[in-house]
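Here are some short exercises on the pockets of a protein model. Have a look at the structure, then work through the solutions.

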Amino acid sequence: MIIRNLPHNIIFYLTFLFQKILILGHFPQRWKTATDVPILKPGKDPTQPSSYRPISHLSSISKIAENLILTRFNKHLTDNNILCNEQFGFRPNLSASHQLLRVAEFVYEGFTNKQKTGAVFLDIQKAFDRVWQDALIHKIISYNTPTYLTKIIDSYLQNRNFCVKVNNELSDLKNIAAGVAQGSKLGPILFSCFINDIPKQFNTLLCMYADDTAILARHKNPNFIKLALDRHIHALEGWFTKWKITISATKTEAIMFHKNWISNMINKFPRVKIQNKIIPWSKEVKYLGVILDPRLTWKPHFLYVRCKFWANTRKLFPLIARNSRLDREAKILIYTAYLRPNLCCPGLGMRC
């Protein structure tokens with residue numbers, strides 16, 4: 001809103017500046033300094049630095065420039081059908097709900113054909129922060145990206161720096177040698193380009209939403225499911241090593257979807273491995289914010305949402321109770337802002 005209210009002569013100057021940025025392929029150095037604010041991940045230990053997600057605060061004017069670059073880059077990617085169909089993250093007309101429906105349909109189709117479905121959910125460590133920038137530019141060039149866009153994206157990535165802000169205190173500036181900024185306009189699509197050539201297999205289903213990656217295989221015989229998943233995981237391990245992407249074997253999860261699943265089945269299925277470590281079959285996994293159970297009943301997720309809703313309701317009950325001194329409009333505002341969002345499935349984008 002502040003930029004919109006600037007005098008016309010300033011807006012004309014900014015327009016001229018953006019035109020020069022696109023023509024010269026140079027992203028201003030002053031716009032490449034980020035103030036990182038660490039956000040605690042849900043349920044993590046606040047005393048551990050790894051429990052925080054760094055969100056980059058960037059100049060508002062730089063984001064306008066990023067948006068101009070992004071519009072042109074997205075047009076090139078769309079017109080040439082470059083991004084793989086398995087990637088649903090940060091793309092027009094696609095969302096987490098579409099990817100979840102894709103997974104659910106694959107599993108339910110297996111149930112119809114009396115098949116089991118094995119799924120492995122990979123955990124990519126610090127995905128956005130460890131992107132190999134030279135390799136990213138190499139891939140962007142290989143996609144026949146117009147020279148001016150390649151040049152400006154390279155300028156955008158090079159010589160970036162950041163400082164960390166905690167309790168209104170700023171750290172010293174540090175250089176960024178790898179990664180794309182979280183909180184930027186260009187970051188998500190650049191990451192999608194970086195992992196765009198991820199290996200696929202004919203007998204598995206690959207599902208991606210940004211860095212959330214899952215592979216699924218279905219068959220009546222669990223041994224064939226294990227073989228298919230192991231083959232795909234082996235191909236992925238080589239690809240991850242080549243492009244300096246790190247996978248956390250301890251955080252990777254697996255689940256076997258089975259229409260007639262019972263609890264004692266969990267130890268009967270052959271287990272898959274990643275990085276020579278066995279991945280145990282889980283009774284439930286969380287994918288794109290939704291809890292999945294072996295029979296895909298959605299019951300664990302509904303119970304989780306209900307418990308979360310009532311826990312927050314108890315905290316706010318003195319404000320919204322019948323004898324509260326707040327007027328009706330204020331109570332409705334509290335419900336709309338703080339309670340109703342708890343009833344929405346994060347991945348499905350709808351009320352549970």
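**Exercise 1.** Find which element gives the most to the lining of the largest pocket.

*Solution.* Start with the ground rules. This is a predicted model, where local features need pLDDT of at least 70 and side-chain atom pairs count only at pLDDT 80 or more, while totals for chains, interfaces and linings use all residues. Numbering runs from 1 along each chain as its sequence is written, and side-chain values use heavy atoms, without hydrogens and water.

Next, the terms. A pocket is an open set of points on a 1 Å grid over the protein atoms alone, where a 1.4 Å probe fits, with protein on both sides within 12 Å along at least five of seven lines; lining residues have an atom within 4 Å of a point. Helices (H or I, at least four residues) and strands (E, at least two) are DSSP runs, numbered from the N terminus.

Now the answer: α8 wins, with four residues.

**Exercise 2.** Describe the space and the lining of that pocket.

*Solution.* Its volume, the space filled by probe spheres set on the grid points (joined across faces, edges and corners), is about 1,800 Å³. Of its 47 lining residues, Lys-41, Arg-53, Asp-123, Asp-211 and Asp-212 come closest to the centre. By class, 24 are nonpolar, nine polar and 14 charged. Here Ala, Val, Leu, Ile, Met, Phe, Trp, Tyr, Cys and Pro count as nonpolar, Asp, Glu, Lys and Arg as charged, and the others, Gly among them, as polar.

**Exercise 3.** Do likewise for the second largest pocket.

*Solution.* Its volume is about 240 Å³. Its 15 lining residues include Asp-36 and Phe-162, both among those nearest its centre. The classes come out as eight nonpolar, four polar and three charged.
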